[in-house]
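Dear colleague,

Please find below the structure I promised to pass on to you. My notes on its contents follow directly after it.

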Amino acid sequence: MVKLVVADDEEKVCRLIIALGEWKKLGIEVVGTASNGIQALDMINREKVDILITDIRMPGCSGLELIEKVRKLSPDIKIMIVSGYANFEYAQNAIKQGCSEYLLKPINKAALNEALAKMVAQIEASRKNNLAFQDFQNERKEEMIKIRNMLIQNLLHDKTLQLTEEVLKKKYYFDARPGIFQVIAVKRDISEGDSSQNATSLIWQKMEEIFLREMTGECYDIIIAASGDYLYGVLNYPARNGEKIRKSVRSCFNQMLGRNDYLGKAKLSLALGNAVKTAEEISASFSDTGRALSERLMEGAGKVLELGGGSEVLFEKRLVDKFTRSLGNALQTLDIEEIKNTVDTICQETLETPGVHGWEILELVCQCGCIFIMRMGFPDKAELQNEFVNRCDNCTTVGELFQCLQDFILGKVNGIVAKREEDSIRPVRLAKQYIHNHYQEQITLEEVSEYVGLTPAYFSVLFKKETEIGFAKYLINERIEAAKDLLRETALSVSEICKKVGYNDQKHFTRLFEKNVGVRPAVYRKLYG
């Protein structure tokens with residue numbers, strides 16, 4: 001809808017214009033009339049008017065003065081001069097002021113509506129152009145953000161990334177200047193089963209908003225971008241602002257910690273990478289944040305973490321080698337208790353090591369898990385390693401980390417044990433089905449073992465282990481049970497039943513029946529038939 005104001009010191013002229021205009025057809029809303037320039041100016045400012053129809057001569061503020069003031073207030077407004085003076089000089093001045101149309105009194109309806117239609121068309125075309133330009137600007141801005149955020153993704157996935165100030169400017173549109181470069185990282189830790197991608201996105205959106213609001217003025221440039229449960233920032237700022245940056249980072253983090261409406265049960269930890277002087281060192285600062293975040297295993301979540309001094313101490317203890325040997329022995333027999341003891345021992349020795357760092361412990365556990373995966377020869381090694389490392393990455397204490405290692409190993413080992421048990425039970429189950437379907441025939445152990453795909457010797461041992469009576473005894477039991485059913489439920493003779501259950505010798509059958517049941521077949525029939 002296009003908004004319009006009529007300004008004329010003659011009320012009847014205002015009423016005439018309103019009566020002549022085809023407002024609904026043209027899509028125009030008349031928001032009011034003014035009897036002088038001052039009123040008109042106030043109305044234009046208040047109502048965000050698109051078209052002004054005004055007389056040239058009015059008290060207090062002439063039409064030309066009004067046009068000049070309106071142009072300063074709203075440069076895009078369309079203006080139509082309506083005057084009883086056919087004075088070319090007025091028309092020239094009006095045109096110079098940006099007047100769109102000039103009509104003479106008395107006003108002609110057709111000329112008025114034609115002029116209004118032309119102005120409405122110009123306004124709509126301008127609006128479309130503005131929308132198109134705004135869309136273009138938004139798309140360009142979004143594309144620019146994506147390109148800038150690629151710096152974070154490349155730092156994450158390209159360990160050989162080479163950065164210079166020129167590369168930052170040209171490739172990532174990062175306004176790099178001489179000063180300090182520093183990476184920050186925030187980690188969101190959640191309890192198992194409480195993961196929500198939407199919740200993570202909301203937290204990072206709020207965190208990014210806080211960082212940009214609080215720190216943009218202190219930095220030459222700043223990029224904040226999320227990746228999963230992490231939010232990263234690359235800062236470039238004057239060296240003199242170093243202390244301000246540290247305080248701002250802590251302030252931003254504390255603001256987010258106070259937003260329980262966003263965090264819920266999630267815990268946040270923030271790491272500061274080392275402040276470096278060249279773009280080439282940004283990758284190192286980025287790596288620092290990963291190790292610093294691992295210190296939450298020792299210090300707890302909800303803190304601002306930095307890499308402290310001191311060298312690596314676990315390597316000298318060769319705990320990985322010790323774990324590998326102990327685990328190898330336990331895996332030979334798939335001894336669950338020995339596996340638990342192996343993990344517990346490594347955990348205890350780790351915690352008893354003076355000066356141990358959280359990042360060392362995380363690396364140790366990840367190595368142990370990957371060694372187990374390689375040792376077992378799983379077909380999907382790469383996927384399992386990624387799965388395990390991601391699990392470890394979500395642990396917030398050392399105890400939780402080693403429990404993660406133990407649970408992962410035991411979960412896979414128990415699966416192997418169950419499969420092996422299933423592999424041994426399945427042939428026996430198939431053999432039992434075969435015996436049940438063929439006991440009337442002269443079947444042999446060799447015949448059944450061939451059916452289930454095992455050697456006779458191994459099948460015999462396996463079958464006896466699972467049934468505790470062996471193949472021959474199991475076959476006899478199957479035949480005797482079938483004979484008992486036939487004696488109870490049919491009138492067949494003992495001789496006929498003997499043949500139906502796989503025996504050709506009635507005397508042999510009678511001896512076996514009496515041995516297993518306690519009475520001869522004929523007596524059994526009298527008792528239970």
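E349 is buried, because its relative accessible area of 17% falls under the 20% limit. In this predicted model, E349 forms a salt bridge with K322, with the closest N and O atoms 2.2 Å apart. K322 belongs to helix α13 and E349 to helix α14, so the pair ties together parts that lie 27 residues apart in sequence. K322 itself is partly exposed, with a relative accessible area of 28%.

The count of salt bridges comes to 26. Among them is the one between R318 and D321, whose closest N and O atoms are 2.8 Å apart. Both ends of this bridge are partly exposed: R318 has a relative accessible area of 48%, and D321 has a relative accessibility of 30%. A further salt bridge joins the side chains of E166 and K170 at 3.0 Å, N to O. These two residues lie in helix α7 (residues 165-172), 4 residues apart, which is about one turn of the helix. Both E166 and K170 are exposed.

I turn next to the interior. The largest nonpolar core has 37 residues, and those with the most contacts inside it are F372, F402, L405 and I409. Two or more residues each come from α13 (319-333), α14 (336-351), α15 (358-376), α16 (381-393) and α17 (398-438). Of these elements, α17 gives the most, with 10 residues. In soluble globular proteins, nonpolar side chains tend to be buried together.

G502 is also buried, because its relative accessibility is 3%. This glycine sits in the loop between α21 (494-500) and α22 (506-517). The C-alpha atom of G502 is separated by 5.2 Å from that of E441, although the two residues are 61 residues apart along the chain.

Two patches on the surface should also be mentioned. One is a patch of negative charge in which D135, E139, E142 and E143 gather. Of its members, E143 lies in helix α6 (residues 109-157) and counts as partly exposed, at 43% relative accessibility. The other is a nonpolar patch of about 310 Å², made by V523, L527 and Y528. Y528 is found in helix α23 (residues 521-528).

With kind regards

Methods: Residues are numbered from 1 along each chain as its sequence is written. This is a predicted model: local features need pLDDT of at least 70, side-chain atom pairs count only at pLDDT 80 or more; totals for chains, interfaces and linings use all residues. Side-chain values use heavy atoms; hydrogens and water are left out. Patches are made of residues with over 30% relative accessible area and no salt bridge: like charges are joined within 9 Å, nonpolar side chains (Val, Leu, Ile, Met, Phe, Trp, Tyr) within 5 Å. Accessible areas come from the Shrake-Rupley method with a 1.4 Å probe; for residues, only the protein chains shown count as cover. A salt bridge is a side-chain nitrogen of Lys or Arg within 4 Å of a carboxyl oxygen of Asp or Glu. Lys and Arg count as positive and Asp and Glu as negative; His and the chain ends are not counted. The place of a charge is taken as NZ of Lys, CZ of Arg, CG of Asp or CD of Glu. Buried means under 20% relative accessible area, exposed over 50%, partly exposed in between (1.4 Å probe, protein chains only). A nonpolar core is a set of buried Ala, Val, Leu, Ile, Met, Phe, Trp, Tyr and Cys residues joined through side-chain atoms within 4.5 Å.
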